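Biologist: I would like a close look at one part of this protein, namely the salt bridges. Could you take me through them slowly, explaining each term as you go?

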Amino acid sequence: MKTRYSYFCPCPRGLETALAEELNEIADLKSPKTIHVHTQVPGGVHFSGELNDAYRVNLHSRIASRVLLRMAHGGYTNENDIYDLTLEQPWEDWFGYHHTIRVDVTAVKSPLKSLEFTTLKIKDAICDRFRDQFTQRPSVDTKQPDMRIVGFLDAHNYTVYLDTSGEALFKRGWRLETGDAPLRENLAAGLLRTSGWKPGVPLFDPMCGSGTILIEAAQMVAGIPPGMRREFAFEKFAAFNEEEWQDIKKSIRANPLPTEPTIFGSDISGDMVSMTRNNLNKAGIKFEVPLKQIEAQEIKAPTEQPGILLTNPPYGERIGVRGDQSFEPDDLAREFFAAFSATLKQRFAGWSVFLFTADLGLPKLLRLKESRKTPFFNGALECRLFRFDMVAGFNRREAAKPKDAE
């Protein structure tokens, strides 16, 4: 009987339900099923499973930020309680004193005065345990540690985790270059899932930036797991089973490549289009994803069949990459979104349009009523995914309007 462990997967806030669905899909990849999905909490999902289930989730999850293995959980009143519980854990069963470590602590309503001091106590407890047993201790490396230890405090309880992922899971290992503040890959994957997009449905991102949304979708079409091109912290665990890991990777079945394009992108910037093309190549995409350099106000539907338009519109300066410098930024945004709205109404009948933005007044700028808005957080930034259904009669109504009614 294999040992079972408790895990926690953090994710961008707003994507907890999507992550729970995805974990259940990953659970179905193995028979008999050993992953059991438990509670959703703000910012993540708890699940349990065997050690090799952590391998699976790291490899396949597009939405999780990390996969954290729970080492201990207990009550506390001060930093010494946290030190004692950490000291009791068999860290030496997982890694050696020759490995480097980093400790991070997050807290919600904790009465403790200093998280920095708490972080230091956790690090001291781990190092003291190794020193007591081996007379040597791990070194700290905050930049590229072998092992990350995560402490979580609420008002009464302390939980300590060992991170099985290493680098955050949104770092897929393909990104060569990025535009300004690119959308994180796991957030892009969550937006795709929330929009209801599935491989085979036409997808268009007319402000694609460095291509994150397109690449997530293209890898899903190809059947390339998000973790296929990177390494994980669990590969350095003392209990790591190389044979099991290779078997999991060998069980991946690539999908047949599409014969007709269904994923399309464009951007006002030629540099961004080139960047997206390079990133698609690095991500292992072997089929055509047509890309154009064109202003978003000038786009046309790329397919006869209606599909999903999903984009993270730029705001501020990027709208004016080639805009009229005499406009104030607010005027520029108004002009841009008015023109973009007219294009959507006239050329995208039958499409579902999803715009992800931190500008909560976007529907007003577009003069469109959203059919749905889903709250998300991009880091600490509150955002919305607005859905607009482009009804077939829009363009006729627009054309029939007297000019002075605009």
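Modeller: What follows is a walk through some of the charged pairs, with a short view of the whole protein beforehand. This is a predicted model, in which local features need pLDDT of at least 70 and side-chain atom pairs count only at pLDDT 80 or more, while totals for chains, interfaces and linings use all residues. Residues are numbered from 1 along each chain as its sequence is written, and side-chain values use heavy atoms, with hydrogens and water left out.

The protein has 11 helices and 15 strands, where helices (H or I, at least four residues) and strands (E, at least two) are DSSP runs numbered from the N terminus. Of its 406 residues, 51% are buried; here buried means under 20% relative accessible area, exposed means over 50%, and partly exposed lies in between, with a 1.4 Å probe and protein chains only.

Side chains of opposite charge can pair when their charged atoms come close. A salt bridge is counted when a side-chain nitrogen of Lys or Arg lies within 4 Å of a carboxyl oxygen of Asp or Glu, and a search of the whole structure finds 22 of them.

One of these salt bridges joins Arg-193 to Glu-21, with the closest N and O atoms 3.3 Å apart. This pair links distant parts of the chain, since Arg-193 belongs to helix H5 (residues 185-195) and Glu-21 to helix H1 (residues 16-27), 172 residues apart. Arg-193 counts as partly exposed because its relative accessibility is 25%, and Glu-21, at 40%, also counts as partly exposed.

Another salt bridge is formed by the side chains of Asp-28 and Lys-33, at 2.9 Å from N to O. Asp-28 has a relative accessible area of 52% and is therefore exposed, whereas Lys-33, with 41%, is partly exposed.

What, then, do the side chains of Asp-53 and Arg-56 form? They meet in a salt bridge, with 3.7 Å from N to O, and both residues lie in helix H2 (residues 51-60), three residues apart, which is about one turn of the helix. Asp-53 is buried, with a relative accessible area of 1%, and Arg-56 is buried as well, with a relative accessible area of 14%. These two residues also belong to a network of salt bridges that links Lys-30, Glu-50, Asp-53 and Arg-56.
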